[in-house]
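Biologist: Could you take me through one part of this model in close-up, a loop and the strands on either side of it? Please start at the loop and work outwards, adding whatever else helps me to place it.

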Amino acid sequence: MSNFDRLHEGTFPEETILTGEARAAALRPALTPVEFPQSLPILPLRGLVVYPHTAVPLNVGQPRSIRLLESTNPQNGLIGLCASHDKDRATPGPDEIYRVGTIGSVHRQLRRKDGTIRMLVNGLQRFRIKEFIATDPFLVAEIEPFPEDVSANTQSVAMSRNLVDMFLRLAEYVPSIPGDLLASSLNMENPLQLVYTVATYLQLELNEAQQFLEFNALTEKLAWLVRHIGQETEIMEMGQRIRSEAVGQMEQAQREYFLREQLKAIQRELGEADEREMEARTFREKIEAANMPVEARQEAERELSRLTRLPVAAAEYGVVRTYLEWLVNLPWDVSTTDNLDLAHARAVLDEDHHGLDEVKERIVEFLAVRRLRQGRMVDGKWNETAVSTSPTSDRHGAILCFVGPPGVGKTSLGRSIARAMGRQFARISLGGMRDEAEIRGHRRTYIGALPGRIMQTLRRCGSKNPVVILDEIDKLGADFRGDPASALLEVLDPEQNNTFRDHYLDVPFDLSCVMFITTANTLDAIPVPLQDRMEVIRLAGYTESEKVAIAENYLAPRQIRQNGLLPEEVVLDTAVLRQIIRDYTREAGVRELERQIGRVCRKVATAVANQPDGSPIARQQIQPEQLPDFLGPVRYFADAAQRTSLAGVATGLAWTSTGGHILFIEAAQMPGQKGLTITGQLGEVMQESAQAALTYVRSKAEQLGIAANFFDQHDIHIHIPAGAIPKDGPSAGITIATALASLLTKRPVCHDTGMTGEITLRGQVMPIGGLKEKVLAAHRAGLHTVILPSQNGPDLADIPDEIKEEMSFVLAHTMDDVLNAALCTD
């Protein structure tokens, strides 16, 4: 079949281009009546609909279509022009073309060398195919007229004028619409010719063009064109606006570039450097002044060379610039001078903290070593030659680990150390940290990469030898992003941290001058390799007298000041503070004590604020009997005597991350058959201790005066109150055995006695840990005797003298020693 494609007039040879007059002559036959034929040869069109009253150029290449044209009269021969359904179908059949088409008159033909024919056809009027009467050598169909309703009214006239205006507006955005067509469209009197002429130059889909041809009423065609041209015009205007904005932006960029080049030229004439040269010079001066190590300096110069070659708009420009800023702003060779006056250091530590003699002595020792390493006094002169000059002599960083319950002053002690030494102070919270990059930094390949917290802290401090507190090191986490505890192995190792390499900086930095102090509540959660790199100093807690002194000298004045009171408006004497400590707190530290003092101060502040006209009130001397009015009912009682008055109850001593505690272990018997029940949410270790204690008691039944068949006829129940709190550990072994012995011998345990120690099946008492914390807890609970393993005897040296004077200690080798000291005599 024919291969028809619509052609623009510009594709015809020059002699076939239609002028305005030729176009009018071509269209003139469509205005005269035509004798309607009964049948016509049908020429299928691919992707094209020819309208009446229009002239359209066509290209014919299919052999069947060429035979159709050869059998038609070359001058004004009539053919039927019908669009095919599928424009990709080369030879459509009768069922593959639309039934409504246009009678066309061949106006001009031109045969080319390749055998194809170019021609210009004139659309005359519509027709409808009734049936096909031949398919070979080409399609022939019987047709019938398909007239159109061209009745005009006021609405159609108005729409025709509106259509002309809109078409002229659209032509402003479509250069391919001929100018003579615009002029002729203004003078067309036939509205049907107007709508078809306009539709010919619109970009319509095939189904839309066929639908438009099949519209019967002129008003329907006008309304459809007005709506479609309106949409096309809106799209064209939007595209024009987008192009205008794009051109405007390009012009603005060109203008800025031109002005920038002019500015550079002016600066060159004045002998001034441009902004980038000034920035490069500034970086170069900072690199010189930073006194970096060789490797860091080489890296900085290399990155600066890259920066000068990169355009400002490059994405990597900001990355390189930020990296250089980090390098030049680090304290490579900046340090504060240590105050090595030992008396001053001790005075500052005593001023800020009461007690804690072991920690204070360690700091004084550190300063003494620093002082001796800097030189010695020889004959009244300072001699620096006596100092060792070995490569490792400059590694004078100290890594301390303060371990103790909350509220004993671990973090504030680090701040006091910095003040005593005259160093900068910084704190890094490690609690909940799970990402290794928080320590080592992110590599620069990541967007938004930054150095780790260590290097950020040094930059903020502005010196390479600050005191850095690594708080809550026992609460580090680990997940798929790495293990921060492993990253700290290098940071806290004096033999390695002099070449610490942050992932972001990727150059070595000396951390050996930094005094790292870590804090933890317990060592259990800290990996052993990390513990090995730190000097552990335990802060067990405060005695009652120490708490009273701390409250008088630190807590009470601070709370009076923070609550807006004057020192003369409220007095908290020693008796009141001691009463608060005994009845309203039971802790190793002093945080809860400070909160209770704050509650008292707020009550007084409320009374002062309620005074009329702001008149002052009389000085309030708080009395111990007034504390329930300020703090409510008493929260803690010395109930050890009451709870151990019955046989089968013993007082044990425990040690947790929050300090020492006492716990009561109860035992009961009932008829049964050798059963053992253990309750109180005990861990596996404590359950095993209970089973070992019961085994020991059964093995010593005869010695303890227990009937031989007792265990065959009874069950034993061991319970530790406060069942919601998990408990574990081996140190309750002798306490459980004592409770069982007390139950079965009907002899109660002495009410003022507490005990701790691990038991073996042979009845030996094994050593335990946390003795100082446990003794302090026993003292807070009002106990006077503590039974402990004999191997823990040397640890009594850590117990404050005032507690040793108030309490007695029994060193037990075996359970016989424990029972002799714990069970009351008849």
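Modeller: Lys-674 is exposed, because its relative accessible area of 51% falls over the 50% cut-off. Please keep in mind that we are looking at a predicted model. You will find Lys-674 in the loop that runs between strand 19 and strand 20. Its backbone deserves a glance too: phi of Lys-674 is near 60 degrees, a positive value in a residue that is not glycine. Most residues other than glycine have a negative phi.

Now step out of the loop to the strands on its two sides. Strand 19 pairs with strand 21, residues 714–719, in the antiparallel sense over 6 bridges. One contact to click on is Pro-671, whose bridge partner in strand 21 is His-714. On the other side of the loop, strand 20, residues 676–679, is joined to strand 21 by 4 bridges, and these two strands run parallel. There, Leu-676 stands opposite Ile-716 of strand 21. Strand 21 is thus a partner of strand 19 and of strand 20.

Follow strand 19 back and you reach Ile-662, which is placed in that strand. Ile-662 counts as partly exposed, because its relative accessible area of 23% lies between the 20% and 50% cut-offs. Ile-662 is 11 residues from Thr-651 in sequence, while their C-alpha atoms are 6.7 Å apart in space.

Ile-662 takes us to the largest pocket, which has a volume of about 1000 Å³. Its lining has 38 residues, and those closest to the pocket centre are Ala-654, Thr-656, His-661, Ile-662 and Leu-663. Strand 19 (659–671) supplies at least two residues of the lining, as do strand 18 (649–656) and helix 27 (771–780). If you are thinking about chemistry, the lining divides by class into 18 nonpolar, 12 polar and 8 charged residues.

For a second backbone like that of Lys-674, go to Asp-506. Phi of Asp-506 is near 60 degrees, again a positive value outside glycine. Asp-506 sits in the loop between strand 12 (500–501) and strand 13 (508–509). At 41% relative accessibility, Asp-506 is partly exposed.

Another backbone feature lies at Asp-136 and Pro-137, which are joined by a cis peptide bond with omega at about 10 degrees. Pro-137 belongs to the loop between strand 5 (117–134) and strand 6 (140–145). Most peptide bonds are trans.

To set the strand pairings around the loop beside another sheet, look at the open sheet of 5 strands in the order 10-11-14-9-15, where the pairing is parallel. Its edge strands are strand 10 (425–429) and strand 15 (535–538), each pairing on one side only. From one strand to the next, the twist averages 20 degrees. Strand 9, residues 399–403, runs parallel to strand 15 and is joined to it by 4 bridges. Within that pair, Phe-402 stands opposite Ile-537 of strand 15.

A helix makes a good last stop. In helix 29, residues 815–822, the buried residues are Met-815, Val-818, Leu-819 and Ala-822. They cover an arc of only 90 degrees around the axis, so they fall on the same side of helix 29.

Terms used:
Residues numbered from 1 in each chain as written. Predicted model: local features only at pLDDT ≥ 70, side-chain atom pairs only at ≥ 80, totals over all residues. Heavy atoms only, no water. 1 Å grid on protein atoms, 1.4 Å probe; cavity = no way out; pocket = protein on both sides within 12 Å on 5 of 7 lines; lining within 4 Å. Points joined across faces, edges and corners; volume = space filled by probe spheres on them. Nonpolar A, V, L, I, M, F, W, Y, C, P; charged D, E, K, R; others polar. Buried < 20%, exposed > 50% of the residue type's maximum accessible area, 1.4 Å probe, protein only. Arc of directions from axis to C-beta. Pairing = 2+ DSSP bridges. Axes fitted to C-alpha atoms, helices over the stretch in contact; angles between N-to-C directions.
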